Amino acid sequence: MVTGGFRSRRAMNEALASDELEMIGIARPLCLDPALSKGLLDGSVESAPLWERGLRLGPGAFGPSSGVKMMRGFNHQAAVAWYYRHILALADDRPIDTGLSARKALFQHLRDEARLARARRRYRKA
């Protein structure tokens with residue numbers, strides 16, 4: 001089994017036909033479209049979107065190719081937060097917002113995690 005990197009139906013079929021693997025995971029694309037697997041299997045979809053290519057905190061030194069290691073880490077965390085926000089939307093039966101910026105997703109995630117941490121501390125004190 002392998003997960004990560006596969007997006008096209010053709011590449012997935014070639015990899016499976018080579019007998020090098022038996023299963024392919026496509027986790028990130030499913031965060032926005034749970035029906036994607038069905039479309040890839042029945043041939044109505046040729047490839048999964050590469051949303052992560054457009055996710056960045058900013059241009060240049062603020063982007064994922066920044067010369068500053070910490071900024072690259074923040075960009076990675078922002079991309080993870082972006083997908084996480086979509087998982088939460090699916091769980092709450094809210095519409096998917098592909099226009100959500102990586103920066104906004106990161107700030108929303110940090111805000112929510114801070115609220116949860118405060119609630120946990122209050123619960124432990126009670």
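Trainee: How many helices and strands does the chain have?

Mentor: Counting elements is a good way in. This is a predicted model, and its chain has 5 helices and 2 strands. Along the sequence they follow the pattern β-α-β-α-α-α-α. The radius of gyration is 18 Å, well over the 14 Å that the globule rule gives for 126 residues, so the chain is more spread out than a compact globule.

Trainee: What box do the C-alpha atoms fill?

Mentor: Taken along the principal axes, the box is roughly 55 × 40 × 30 Å. Two pairs of residues help to show distances within the chain. Glycine 39 and arginine 121 are 82 residues apart along the chain, and their C-alpha atoms are separated by 44 Å. For alanine 61 and aspartate 19, the separation is 42 residues in sequence and 42 Å in space, C-alpha to C-alpha.

Trainee: Which figures describe burial and surface for the whole chain?

Mentor: Buried residues make up 29% of the 126 residues. The chain exposes about 8700 Å², with carbon and sulfur atoms supplying 58% of it. Contacts add another view: among those between residues at least 6 apart in sequence, 47% join residues at least 24 apart.

Trainee: And charge? How many positive and negative side chains are there?

Mentor: There are 21 positive and 13 negative side chains, and the centres of the two sets lie 16 Å apart.

Trainee: Let us turn to one helix. What span should H4 have?

Mentor: The idea is to compare an expected rise with the distance between the ends. Helix H4 covers residues 69-91, and at 1.5 Å a residue its 23 residues should span 33 Å. Its end C-alpha atoms are 33 Å apart, which agrees.

Trainee: Which residues of H4 are buried, and what do they pack against?

Mentor: The buried residues of H4 include Met71, Asn75, Trp82, Tyr83, Arg85 and His86, along with several alanines, among them Ala78 and Ala89. Their packing partners are helix H2 (27-30) and helix H5 (102-125).

Trainee: Could we look at one of them? Why does histidine 86 count as buried?

Mentor: The test is a relative accessible area under 20%. Histidine 86 has 2%, so it is buried. This residue, found in helix H4, touches Cys31, Leu32, Ile96, Asp97, Thr98 and Leu100, leaving aside residues up to four places away in sequence.

Trainee: Where is glycine 39 found, and what does it touch?

Mentor: Glycine 39 is found in helix H3, residues 36-42. With a relative accessible area of 6%, glycine 39 is buried too. Not counting residues up to four places away in sequence, glycine 39 touches Ser44 and Val45.

Trainee: What about alanine 61: where is it, and which residues does it touch?

Mentor: Alanine 61 is found in the loop between H3 and H4. Beyond residues up to four places away in sequence, it touches Ser66 and Met71. Met71 is also one of the buried residues of H4.

Trainee: Now backbone angles. What is the phi of aspartate 19?

Mentor: The sign of phi is worth checking in residues other than glycine. Aspartate 19 has a positive phi of about 60° although it is not a glycine. Aspartate 19 lies in the loop between helix H1 (9-17) and strand E2 (24-25), and it is exposed, with a relative accessible area of 67%.

Trainee: Is aspartate 93 buried or exposed?

Mentor: Aspartate 93 counts as exposed, at 74% relative accessibility. Its place is in the loop between H4 and H5, where it follows H4 with a positive phi near 60°.

Conventions:
Residues numbered from 1 in each chain as written. Predicted model: local features only at pLDDT ≥ 70, side-chain atom pairs only at ≥ 80, totals over all residues. Heavy atoms only, no water. Helix = DSSP H or I, 4+ residues; strand = E, 2+ residues; numbered from the N terminus. Rg over C-alpha atoms; globule rule 2.2 N^0.38 Å. Buried < 20%, exposed > 50% of the residue type's maximum accessible area, 1.4 Å probe, protein only. Contact = heavy atoms within 4.5 Å. Areas by Shrake-Rupley, 256 points an atom, 1.4 Å probe, with all protein chains shown as cover. Lys, Arg positive; Asp, Glu negative; His and termini not counted. Charge placed at Lys NZ, Arg CZ, Asp CG, Glu CD. Expected span 1.5 Å × (residues − 1).
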